[in-house]
Amino acid sequence: MIVDIVTIFPQMFEGPMSVSIIGLARERGLLEVRTHDLRDWTHDRHRTTDDTPYGGGPGMVMKPEPLFEALDAVQRLEDDPGFVVFLTPSGRPFDQRLARDLSSKERLVLVPGRYEGFDERALSLADLELSIGDYVLTGGELPAMVVTDAVARLLPGVLGDDESSTEESFSEGLLEYPQYTRPARFRDMDVPEVLRSGDHARIAAWRREQAVRRTARRRPELLASASLTAEERNVADDEISRAASDAQEGPTND
Ligand code: JFE
């Protein structure tokens with residue numbers, strides 16, 4: 001997959017896109033990430049990419065001309081114009097399903113944006129406007145990296161065999177079960193006996209129940225689209241009523 005990113009801050013991408021799984025995927029040729037400085041498509045002495053909003057109000061808006069020229073040039077770099085994604089707080093909420101859909105594309109063109117957002121006419125260049133969550137960041141660069149990370153790890157060969165199953169729980173609509181490593185006892189806290197039993201059927205059943213309970217307690221809205229057995233529905237309902245009575249005691253993590 002090729003990911004092209006049009007940004008006024010190409011240097012923000014250098015570290016995060018060069019290390020760990022994403023860095024390795026690039027070294028192995030499974031992923032190409034290229035940044036393009038939006039200022040290369042300005043024509044004034046100050047390489048201006050923003051201007052004041054029509055109608056007044058605070059802040060600055062991304063000018064449309066550099067974005068149109070940049071997209072025109074960047075899309076021409078390959079035969080495939082790519083799927084153009086603008087990162088904005090008003091976009092479609094990003095989730096694992098969308099990551100999976102985007103991972104089937106040969107080419108993505110990501111447009112982060114800065115200031116108080118885009119001139120509405122520049123958004124006509126987008127195939128998709130995407131938000132990574134309901135909070136306001138200073139720009140779309142971190143969201144562009146989040147999307148690149150979530151998509152790239154789904155590409156064939158990017159994760160090793162050991163890591164490959166880690167989407168399992170989330171793609172089934174549940175949160176992850178609790179995990180432990182050595183030592184078996186740490187500061188009076190024991191690893192659950194079942195995980196040391198060697199009984200793989202019991203371990204799988206325990207993990208599934210923990211995933212259902214944790215999802216019911218922390219993210220009950222996710223259960224609507226999870227596929228649960230009748231017995232698992234009962235476990236979920238049990239956990240939801242426990243959560244309700246625990247809440248009487250005040251806020252906690254679990
Ligand atoms: C840009 C900004 C003031 C936006 C209401 C471009 N999920 C997500 N959060 N924040 C963003 C995405 C994001 C993406 C692109 C961005 C934020 N800003 C900052 C400032 C109001 C804004 O929109 C500029």
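Select strand E5, residues 83-93, in this predicted model. This strand supplies the largest share of the shell around the ligand, namely three residues. Next, display the whole shell, which comprises 19 residues. Leu-87, Tyr-115, Gly-133, Tyr-135 and Leu-137 are the members that come nearest to the ligand. Colouring the shell by class gives nine nonpolar residues, eight polar residues and two charged residues.

**The ligand and its polar neighbours**

With the ligand centred, turn to its nitrogen atoms. Select Ser-131 with its side chain shown: a polar side-chain atom of Ser-131 is 3.3 Å from a nitrogen atom of the ligand. Continue to Gly-133, where the backbone is the part to display. A backbone N or O atom of Gly-133 lies 3.1 Å from a ligand nitrogen atom. Leu-137 also approaches through its backbone, with a polar backbone atom 3.1 Å from a nitrogen atom of the ligand. Of the 530 Å² of accessible area that the ligand has on its own, the protein covers 82%. If a surface is now drawn, the space that the ligand takes is the second largest pocket.

**Arg-114 and Glu-141**

Move to Arg-114, in the loop that runs between strand E6 (107-111) and strand E7 (128-131). Is Arg-114 buried or exposed? Its relative accessible area is 14%, so Arg-114 counts as buried, the limit being under 20%. Add Glu-141 to the selection: the side chains of Arg-114 and Glu-141 make a polar contact at 2.7 Å.

**Ile-132**

Select Ile-132, located in the loop between E7 and helix H4 (141-152). This residue is partly exposed, at a relative accessible area of 22%. To set a distance across this part of the model, add Ala-152. The two residues are 20 positions apart in sequence, and their C-alpha atoms are 16 Å apart in space.

**The loop between E2 and E3**

Proceed to the loop between strand E2 (32-37) and strand E3 (50-51), where Arg-47 is found. The backbone deserves inspection here: Arg-47 is not a glycine, yet its phi is positive, at about 50°. Arg-47 counts as partly exposed, with 34% relative accessibility.

Trp-41 has its place in the loop between E2 and E3. At 18% relative accessibility, Trp-41 counts as buried, because that value is under 20%. Selecting Gly-59 together with Trp-41 gives a pair 18 residues apart in sequence, with a C-alpha to C-alpha separation of 22 Å.

**From Pro-183 to Arg-187**

For the final stops, select Arg-182 and Pro-183 together. What kind of peptide bond joins Arg-182 and Pro-183? The bond is cis, with omega at about 5°. Pro-183 belongs to the loop between helix H5 (168-171) and strand E8 (185-186).

Then select Arg-187, which is placed in the loop between E8 and strand E9 (189-190). Its phi is near 45°, a positive value in a residue other than glycine. Arg-187 has 69% relative accessibility and therefore counts as exposed, the cut-off being over 50%.

Methods: Residues numbered from 1 in each chain as written. Predicted model: local features only at pLDDT ≥ 70, side-chain atom pairs only at ≥ 80, totals over all residues. Heavy atoms only, no water. Near = heavy atom within 4 Å. Polar contact = N/O pair within 3.5 Å; in protein donor to acceptor, adjacent residues only side chain to side chain. Areas by Shrake-Rupley, 256 points an atom, 1.4 Å probe, with all protein chains shown as cover. 1 Å grid on protein atoms, 1.4 Å probe; cavity = no way out; pocket = protein on both sides within 12 Å on 5 of 7 lines; lining within 4 Å. Sits in = over half its atoms within 2 Å of the grid points. Helix = DSSP H or I, 4+ residues; strand = E, 2+ residues; numbered from the N terminus. Nonpolar A, V, L, I, M, F, W, Y, C, P; charged D, E, K, R; others polar. Buried < 20%, exposed > 50% of the residue type's maximum accessible area, 1.4 Å probe, protein only.
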